[in-house]
Protein chains: 2
Amino acid sequence: MKPKITLKDIARELEVSISTVSKALKNSEEISRDTKDKIQAFAKLYNYKPNNIAVSLKNRRTKNIGVIIPDIVHHFFTTVISGIEKYANAKGYNVLVCVSNESFDREVINMELLANGSIDGFIMSLSSETQLKKDYNHIKEVTQQGIPLVMFDRVTPEIACDKVVIDDEQGAFLAVKKFIESGKKRIALVTTDDYLSVSKARAMGYEKALKSHGISLDPSLILKLPSMEVEEEAFEAFFSDKKVDAVLCVNEIFAIHAMRLVQLKGKRIPEDISFIGFTDGLLSKYAMPSLTSIAQHGEIMGEEAAKMLIEKVEIETEEEQFSTTVLQPTLMERESTK
Amino acid sequence: MKPKITLKDIARELEVSISTVSKALKNSEEISRDTKDKIQAFAKLYNYKPNNIAVSLKNRRTKNIGVIIPDIVHHFFTTVISGIEKYANAKGYNVLVCVSNESFDREVINMELLANGSIDGFIMSLSSETQLKKDYNHIKEVTQQGIPLVMFDRVTPEIACDKVVIDDEQGAFLAVKKFIESGKKRIALVTTDDYLSVSKARAMGYEKALKSHGISLDPSLILKLPSMEVEEEAFEAFFSDKKVDAVLCVNEIFAIHAMRLVQLKGKRIPEDISFIGFTDGLLSKYAMPSLTSIAQHGEIMGEEAAKMLIEKVEIETEEEQFSTTVLQPTLMERESTK
DNA sequence: TATCAACACGAAACCGTTTTCGTAACAATT
DNA sequence: AATTGTTACGAAAACGGTTTCGTGTTGATA
């Protein structure tokens, strides 16, 4: 048990002042070669490392960035974290992860906790409850304090900040186009309620693609789940009385679930019914049959968000100039479509 | 843009001393009701929140715990984080996540970075490279500094600290027992090289179960992959020339992969060949057929690790008393076995 | 009336750095 | 010999809190 050595310890031991030690370790011109050599050697010998907390307090910079996500078990979010980590670490930043668990209250608590000096900036994706409540005061407060913020994926126009999203509408459009071009006519959409920004955009893309191909919208072909939870009965009911030949799902889980259901009913994928999901994760890759999927490029999204944030953190100008980066989704074709 | 208000600001505004403000906000007995009311009202009005960094510096406590994991996209680890987060947040701690990405160097860098005051304690799982190199100096240094450490899942006897693991040997034993009891004879094991502590234990359980049921070990039925990467050709080769009727895989991915392969070869699961995997994640649940799996209870593991750590962090005694919690794995039976 | 708690508050040290500014010692210049 | 300029270092303030201790003002007590 050897406690950390401090500047003061070195100063006492070498009979110089604390400031001399500090400067010597920074290789300051002010200090003579001899003294620097002596101090640096001593510091290395005792493995001196400056205390991050003290440095943070002094510099008013923590080199930490706070990430608030709705759910960490969801594959998409982990890929985003992965991207954030990668970029942030390369720039010497640590990543503080907080999970809101789709809860408004936890989102507020986490933000307030981190906002009190623990981090230099936020990267976040809204919890579903927050999007439902439309209460963004906790976020506004943070931005008003001048803490840089980047939102990704689940964003809102009500907050002025940098954003990075994929073109969800375009993603859905691509998927439906794919269906239509392979001869499908009765194309279903399985989605969540509209309050989730991304679901809304995807529904728009779905409608647009139908319209632009001269297919009229049949509202009975849209299944809206109240949350991201899979509701067995709703699926059961929807797929037993509808005659559909293609299904677009707003996430992997819905898609896998639906595929399983129709396969048990004896239908063949993709001959009888095709599937496309959002979020190109492990589930899509390993499903049987593997699932054609709209890749959201989470890792790139994370890197981009981290890049935008760190830029804002390190720049000192006061002018508020925000931008939104829109990533293009890509369709990963697999066995569930032909 | 309104910068944060500090004690000093309040003191100046209300014409009292900083110490009075500090005490008043902590509801100290020393301060009169009147003054406290006035100060507390003012603080609430201006939404005063103490600066975490300053408090940390003073108290030498950050209320942060550092988590270092090999990989964040791996479902098991995210469930562990989830558990850690849950317990830690309830106790008022933040979680700093760093990903070593299975690299020794990144593990070292991350630990050194966090050890300099950013966190009160570590929770970690070894990177595969570290287990391969058997170089634990960076970890020893941290423990020697008196920073509490809890290791989970991928641990080593070389470090004296609290640990939480599942009984991997028992997990494998259960799986093989299940195979044997349902009449399987030629039971394969798909694993990674032995340097991964968990793989080793699982192989032990596999051998033990065979032995205790009077089946002799056939080394040709063991496929050892050099890493966690799926090597297509190795799988292909292994499954084309071996006659196996059951396969135990040390993770989900291997299992899903193998299942797909044998299904393409026209075999039926579980009639012709049964499968069991480790890590009871989404993939197991949604595979076709769904995969019988040994649940590692990641969330519980995370909660337990956080609990052990925070206990150590908050206790002040010097005595070093370490314990290892062994969680019992459970077999989640699904369609891939009968 | 002198003494003494109790009360209510402030001064100052402290956590471990960084950084500005002041200055002693010496050399170089006129 | 007086002035100026370097060089090499130290003192001290600052970051934003917490906490110990000291003290002026009361009212009660002997």
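Colleague: Which residues do ring pairs link into a cluster in chain A?

Modeller: This is a predicted model. In it, A:F235, A:F238, A:F239 and A:F254 are joined into a cluster by ring pairs.

Colleague: How many aromatic pairs are there over all chains?

Modeller: The count comes to 12 aromatic pairs over all chains. One of them is formed by A:F42 and A:Y46.

Colleague: Why is the pair of A:F42 and A:Y46 called tilted?

Modeller: The ring centres of A:F42 and A:Y46 are 4.6 Å apart, and rings pair if their centres lie within 6.5 Å. The planes of the two rings are at 35°. Planes under 30 degrees apart would count as stacked and planes over 60 as edge-to-face, so the pair of A:F42 and A:Y46 is tilted.

Colleague: What makes A:F42 buried and A:Y46 partly exposed?

Modeller: The cut-off for buried is under 20% relative accessible area, and exposed begins over 50%. A:F42 has 14%, so A:F42 is buried. A:Y46 has 47%, which lies between the two cut-offs, so A:Y46 is partly exposed.

Colleague: Why is the pair of B:F238 and B:F239 called edge-to-face?

Modeller: The planes of B:F238 and B:F239 are at 85°, and the cut-off for edge-to-face is over 60 degrees. The ring centres are 5.2 Å apart, within the 6.5 Å that a pair needs. Therefore B:F238 and B:F239 form an edge-to-face pair.

Colleague: Are B:F238 and B:F239 buried or exposed?

Modeller: B:F238 has a relative accessible area of 5%, so B:F238 is buried. B:F239 has 4%, so B:F239 is buried too.

Colleague: What is B:F239 in contact with, leaving aside its neighbours within four places in sequence?

Modeller: B:F239 is in contact with B:V190, B:V244, B:V247, B:A258, B:L261, B:V262 and B:K265. B:F239 also belongs to the largest nonpolar core, which has 87 residues. Within that core, A:F239, A:L248, B:F239 and B:L248 touch the most other members. A second, separate core has 54 residues, including A:I72, A:I84, A:L309 and B:F152.

Colleague: Why might nonpolar side chains be found in such a core?

Modeller: In soluble globular proteins, nonpolar side chains tend to be buried together.

Colleague: How do you know that B:S125 is buried?

Modeller: Its relative accessible area is 0%, and the cut-off for buried is under 20%. Therefore B:S125 is buried. B:S125 is found in the loop between strand 3 (121-124) and helix 7 (128-133) of chain B.

Colleague: Which backbone atoms lie 3.0 Å and 3.3 Å from a polar atom of the side chain of B:S125?

Modeller: The backbone oxygen of B:F152 is at 3.0 Å, and the backbone nitrogen of B:R154 is at 3.3 Å. The cut-off for a polar contact is 3.5 Å. Leaving aside neighbours within four places in sequence, B:S125 is in contact with residues including B:I68, B:P70, B:F77, B:E107 and B:D153.

Colleague: Why does A:S284 count as buried?

Modeller: A:S284 has 0% relative accessibility, so A:S284 counts as buried. The residue is found in helix 13 (residues 282-286) of chain A. Beyond its neighbours within four places in sequence, A:S284 is in contact with A:E252, A:T279, A:S290, A:L291, A:S293 and A:R334, as listed for that residue.

Colleague: Which residues come nearest to DNA strand C?

Modeller: Of the 29 residues around DNA strand C, the nearest are B:T20, B:K23, B:E30, B:T35 and B:R60. A polar side-chain atom of B:E30 lies 2.3 Å from a base nitrogen of the strand. A backbone N or O atom of B:S32 lies 2.8 Å from a phosphate oxygen of DNA strand C.

Colleague: Which residues come nearest to DNA strand D?

Modeller: They are A:T20, A:K23, A:E30, A:T35 and A:R60, out of 29 residues around DNA strand D. Sugar and phosphate make up 59% of the atoms of this strand that come within 4 Å of the protein.

Colleague: What makes the approach of B:S22 to DNA strand D a polar contact?

Modeller: A polar side-chain atom of B:S22 is 2.8 Å from a phosphate oxygen of DNA strand D, and the cut-off is 3.5 Å.

Technical notes: Residues are numbered from 1 along each chain as its sequence is written. Chains are lettered from A and ligands numbered from 1 in the order in which they are written. This is a predicted model: local features need pLDDT of at least 70, side-chain atom pairs count only at pLDDT 80 or more; totals for chains, interfaces and linings use all residues. Side-chain values use heavy atoms; hydrogens and water are left out. A residue is near a molecule or strand if one of its heavy atoms lies within 4 Å of it. A polar contact is a pair of N or O atoms within 3.5 Å; within protein, one must be able to donate a hydrogen and the other to accept it, and residues adjacent in sequence count only if both atoms are side-chain atoms. A nonpolar core is a set of buried Ala, Val, Leu, Ile, Met, Phe, Trp, Tyr and Cys residues joined through side-chain atoms within 4.5 Å. Buried means under 20% relative accessible area, exposed over 50%, partly exposed in between (1.4 Å probe, protein chains only). Contact means heavy atoms within 4.5 Å. Helices (H or I, at least four residues) and strands (E, at least two) are DSSP runs, numbered from the N terminus. Rings of Phe, Tyr and Trp (its six-membered ring) pair if their centres lie within 6.5 Å; planes under 30 degrees apart count as stacked, over 60 as edge-to-face and the rest as tilted.
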